[in-house]
Amino acid sequence: MAERTSIRVATGAHPARRHLPGVLAVIGLAQLLVVVDTTIVNIALPSARQELGMSETAAQWTLTAYTLAFGGLLLLGGRLADRWGRRKALITGALGFAFASCLGGTAGDAAVLIGARAAQGVCAALLAPATLSILAVTFTEPAARVRAYSALSAIAMSGSAVGLLAGGALAQFLDWRWCLLVNLPPAVVTAVGARVWLPAMAGERRSRLDWTGAAIGGGGIAVLAYALSGATDSGAAVRISLIAVGVVLLTVFGIRQHVVRNPLLPLSIIADRARGAACLSIVATGFGMFGMFLFLTFQLQDVLHFRPLVTGLAFLPFVVANAVAATWLTRRLLPHVGVRSLLAGGMVLLAVGLALLTGLGGSTPYWTLIAPAEVVLGVGAGLSVPSAINRATAGVRPHHSGIAAAVATTSQQVGASLGTAALNAIAVSSAGTAAVRGYGVASGWAAAVVAGTAVAVAVLAGRSPQPQ
């Protein structure tokens with residue numbers, strides 16, 4: 001049936017085997033776009049603020065606009081990928097991302113820059129679930145599936161560090177605008193590659209889209225993300241009120257999904273015990289890892305006085321260890337120990353790496369403490385994240401693959417927001433006269449949270465998800 005027909009059923013169209021490397025390259029590039037842009041602007045922000053005359057509030061919104069739009073629209077983006085067809089969603093998201101990056105890179109004032117960052121977040125909310133859902137329905141053979149998820153998870157976990165490295169290099173040697181303009185080539189290549197290597201994938205339009213549910217659920221996630229991001233400095237009472245509003249909205253969203261005929265998020269997808277354990281693992285990993293990136297950036301720049309480029313390079317031990325563990329070690333261990341052991345074992349290693357960072361201090365040496373901790377963290381993430389994403393999207397019928405992928409990505413966003421906010425609050429309250437002491441205390445709390453979650457995941461993740 002032609003792609004423009006209004007009623008379509010998800011098909012099992014697959015690219016030819018010879019095209020699979022191209023498919024993996026396309027979705028990997030798309031994932032890199034999404035993750036890198038969470039951090040690439042961070043190091044360059046002081047230069048942008050000076051050139052555009054931005055206030056402190058506007059500078060914070062330059063960072064927050066991306067994450068709010070991304071997190072708030074992920075569930076809608078996942079459902080749109082299911083309805084439009086995954087290739088169309090990927091191409092639309094990539095071209096939109098290119099346009100938004102160009103707009104931001106040529107911005108003449110703060111308002112345009114903030115708007116461009118928000119537009120990037122909107123496109124990322126379409127790109128992220130499209131990439132994971134394409135992966136889920138394309139790589140169905142067990143060995144190929146493990147390789148694909150390993151590669152994508154290495155990008156997902158290393159992308160933030162790569163963003164810091166790229167942002168530092170571009171800000172130091174070129175101009176802050178290139179932190180946005182650098183997205184143009186990979187975005188265009190992603191769109192062209194999707195057109196060449198991906199077959200037309202029909203969507204599912206047999207029922208109306210739950211726009212009301214999308215507004216309620218997306219609003220709840222966005223309000224929570226805003227309250228936890230530090231973008232509001234109105235005091236604890238306002239922040240607690242915003243968190244309460246977010247919780248209420250998400251509760252209403254859950255009730256609506258239970259009773260509405262065409263739910264945006266079928267609750268059976270997240271009610272599955274094994275899939276729920278995988279999402280819990282993703283939340284905890286995001287909690288610990290993004291808090292780690294925050295504290296180590298402060299430690300390297302404010303305490304050790306590393307320049308922007310050197311700060312980015314200092315994250316290479318994590319990037320390399322994560323890539324090796326995700327793409328090589330995971331594939332070799334999985335047949336012998338199983339998914340549950342990799343999930344729980346990887347999270348234990350994450351907890352160990354975070355525990356090492358409790359030793360952060362004013363004279364902490366990079367090579368004897370920080371770099372080894374990064375290696376342990378990289379290996380832990382490389383073992384746990386591919387297994388978690390694989391299990392979170394396994395056993396889902398094609399017409400639900402987009403929304404299942406959106407749930408997995410939302411889990412990471414929620415974990416990152418919670419980790420950044422909660423651990424930063426712990427660090428500030430524990431700092432006393434030395435801010436770096438607070439970094440160590442917060443790392444200890446992060447280690448405890450990740451270790452406790454590892455126990456829960458080991459209990460819950462004992463069987464494969466049921467088809468939904």
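Which helices each supply at least two residues of the lining of the second largest cavity? I opened today's notebook with that one, working on a predicted model.

**Entry 1: the second largest cavity**

I found my answer in helix H1 (20-36) and H16, each of which supplies at least two residues of that lining. I noted a volume of about 80 Å³ for this second largest cavity. Its lining has 11 residues, and I wrote down Val-34, Val-35, Phe-70, Gln-412 and Gln-413 as those nearest the centre. Sorted by class, I got five nonpolar, six polar and no charged residues for this lining.

**Entry 2: the largest cavity**

Next I asked how many cavities of 30 Å³ or more the structure holds, and the count came to four. The largest cavity has a volume of about 130 Å³. I listed 12 lining residues for it, with Ala-156, Ile-282, Ile-389, Ala-408 and Gln-412 closest to the centre. I then looked up which elements give two or more residues to this lining: they are helix H6 (142-173), H12, helix H15 (366-393) and helix H16 (401-431). By class, I have seven nonpolar, five polar and no charged residues in the lining of the largest cavity. A nice detail for my margin: Gln-412 is among the residues closest to the centre of the largest cavity, and Gln-412 is also among those nearest the centre of the second largest.

**Entry 3: H12 against H14**

I followed H12 (residues 273-303) to its partner H14 (residues 316-356), where the two axes come within 9 Å and cross at roughly 25°. The angle is under 35 degrees, so I logged H12 as roughly parallel to H14. On the H12 side, I see the contact made by Ser-281, Ala-284, Thr-285, Gly-288, Met-289, Met-292 and Phe-293. H14 brings Phe-318, Leu-343, Met-347, Leu-350 and Leu-354. I sorted the residues of this contact into nine nonpolar, three polar and no charged.

**Entry 4: salt bridges**

Last, I searched the whole structure for salt bridges and came back with one. Arg-177 pairs with Glu-51, and I have the closest N and O atoms at 2.8 Å apart. Where do the partners sit? I placed Arg-177 in the loop between H6 and helix H7 (178-181), and Glu-51 in helix H2 (residues 45-52). The pair links distant parts of the chain, 126 residues apart.

Terms used:
Residues are numbered from 1 along each chain as its sequence is written. This is a predicted model: local features need pLDDT of at least 70, side-chain atom pairs count only at pLDDT 80 or more; totals for chains, interfaces and linings use all residues. Side-chain values use heavy atoms; hydrogens and water are left out. Axes are lines fitted to C-alpha atoms, for helices over the stretch in contact, and angles run from 0 to 180 degrees between N-to-C directions. Helices (H or I, at least four residues) and strands (E, at least two) are DSSP runs, numbered from the N terminus. Angles under 35 degrees count as roughly parallel, over 145 as roughly antiparallel, 65 to 115 as roughly perpendicular and the rest as oblique. Contact means heavy atoms within 4.5 Å. Ala, Val, Leu, Ile, Met, Phe, Trp, Tyr, Cys and Pro count as nonpolar, Asp, Glu, Lys and Arg as charged, and the others, Gly among them, as polar. On a 1 Å grid over the protein atoms alone, a cavity is a set of points where a 1.4 Å probe fits but cannot get out, and a pocket is an open set with protein on both sides within 12 Å along at least five of seven lines; lining residues have an atom within 4 Å of a point. Grid points are joined across faces, edges and corners, and a volume is the space filled by probe spheres set on the points. A salt bridge is a side-chain nitrogen of Lys or Arg within 4 Å of a carboxyl oxygen of Asp or Glu.
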